[in-house]
Amino acid sequence: NPNQDATDEVMTNLARRKLDAFSGIGHGYYFWNFKTELSEGQWDYMRAVRRKWIPGKGSLLAERIQNACHREDNGGYACVTKPGVNEDFLRIALKGCLKQDDKNQSYIENLNGDELIQEGDTIFNSFWKRHKIGGATCDFGGTATLVLANETDVDDEFLDMDEWSDDRVFAPAEYSNKTIIIILLTGLFGGGLLGFSIAMKTNQGFNVKVRKSLFPDHANDKIFTGRHSLFGGENMPLIPNEGEKQML
């Protein structure tokens, strides 16, 4: 919801996930700043506690903290190829994954298009699942992204707050450079044609000059002088041809 500030939900879930992720493998927790002059809770432990992002009292082994990463732990996410990624960059990332696992990389050069993307989905997801406990993230140089493995798996703790869902991923549409250029050129052409049409219909002087210079053999055609013409109208003067000029 664009009218809703989801900061509290986002920061609460972030804190819980961090507490859960590091629980049992360290000797405690630390916060970068205990208190600052800034009014941002992200940099102020006391403010974060007051806003209930971080539990201020009670056990850090509370159920909500222990289950904060349940979706990640239960395979609720998949690491897949990022839409619109450059194929050369994708090949480099995939070779890096295969090399780290001592697997054959040569066949990657022979893959293109959908076949390369599908192979990326398989390699990225497999690598991420095997190595995430050691710190691997689903990024791979910007060539991969996390998606929900099951769209019906929705964390509903905040759904009563205007149907907020903390983990849904909304990926903006991505376009190739060629598509962007085509869209821009189409817009420029359409805008120019519209401006030309308006000038031809509203400015008699401009209309006459264009007809004389560019369309001398068709200057009085209906496309310029007709009632429903896009490039003129009934109010546009007729232009005498050479024979009529000599007679005059």
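Buried means under 20% relative accessible area, exposed over 50%, and partly exposed in between, with a 1.4 Å probe and protein chains only. This is a predicted model, in which local features need pLDDT of at least 70 and side-chain atom pairs count only at pLDDT 80 or more, while totals for chains, interfaces and linings use all residues. Residues are numbered from 1 along each chain as its sequence is written, and side-chain values use heavy atoms, with hydrogens and water left out.

**Exercise 1. Work out what secondary structure the chain has, and in which pattern.**

Solution.
- Step 1: start with the rule. Helices (H or I, at least four residues) and strands (E, at least two) are DSSP runs, numbered from the N terminus.
- Step 2: on that basis the chain has 10 helices and two strands.
- Step 3: along the sequence they follow the pattern α-α-α-α-β-α-α-β-α-α-α-α.
- Step 4: for the whole chain, 29% of the 248 residues count as buried.
- Step 5: now the contacts, where contact means heavy atoms within 4.5 Å. Among those between residues at least 6 apart in sequence, 59% join residues at least 24 apart.

**Exercise 2. Take the salt bridge of Arg 47 and Asp 44, and decide whether each partner is buried, partly exposed or exposed.**

Solution.
- Step 1: a salt bridge is a side-chain nitrogen of Lys or Arg within 4 Å of a carboxyl oxygen of Asp or Glu. The count by this rule is six.
- Step 2: Arg 47 and Asp 44 meet the rule, with 2.9 Å from N to O.
- Step 3: Asp 44 has a relative accessible area of 1% and is buried, whereas Arg 47, with 26%, is partly exposed.

**Exercise 3. Find the salt-bridge partners of Lys 95 and Arg 130, and place them along the chain.**

Solution.
- Step 1: Lys 95 pairs with Glu 109, and their closest N and O atoms are 2.3 Å apart.
- Step 2: Lys 95 sits in helix α5 (residues 87-100) and Glu 109 in the loop between α5 and α6 (113-131), so this pair links distant parts of the chain, 14 residues apart.
- Step 3: both ends are partly exposed, Lys 95 with a relative accessible area of 24% and Glu 109 with 43%.
- Step 4: Arg 130 pairs with Asp 101, the closest N and O atoms being 2.0 Å apart.
- Step 5: Arg 130 belongs to helix α6 and Asp 101 to the loop between α5 and α6, so parts 29 residues apart in sequence are tied together. Arg 130 is partly exposed, at 39% relative accessible area.
- Step 6: one network remains to be noted, in which salt bridges that share partners join Glu 87, Asp 88 and Arg 91.

**Exercise 4. Describe how α7 and α8 cross, and which residues make the contact.**

Solution.
- Step 1: axes are lines fitted to C-alpha atoms, for helices over the stretch in contact, and angles run from 0 to 180 degrees between N-to-C directions.
- Step 2: the axes of α7 (residues 177-202) and α8 (residues 204-214) come within 6 Å and cross at roughly 110 degrees.
- Step 3: angles under 35 degrees count as roughly parallel, over 145 as roughly antiparallel, 65 to 115 as roughly perpendicular and the rest as oblique. The two helices, α7 and α8, are therefore roughly perpendicular to each other.
- Step 4: α7 brings Phe 196, Ala 199, Met 200 and Thr 202 to the contact, and α8 brings Gln 204, Phe 206, Asn 207, Val 210 and Arg 211.
- Step 5: sort them by class. Ala, Val, Leu, Ile, Met, Phe, Trp, Tyr, Cys and Pro count as nonpolar, Asp, Glu, Lys and Arg as charged, and the others, Gly among them, as polar. The contact of α7 with α8 then has five nonpolar, three polar and one charged residues.

**Exercise 5. Look at phi of Asp 102 and Phe 140, and compare their surroundings.**

Solution.
- Step 1: most residues other than glycine have a negative phi.
- Step 2: Asp 102 is not a glycine, yet has a positive phi of about 55 degrees. Asp 102 is placed in the loop between α5 and α6 and is exposed, at 72% relative accessibility.
- Step 3: Phe 140 also has a positive phi, near 50 degrees. Phe 140 lies in the loop between α6 and β2 (144-148) and counts as buried, at 16% relative accessibility.
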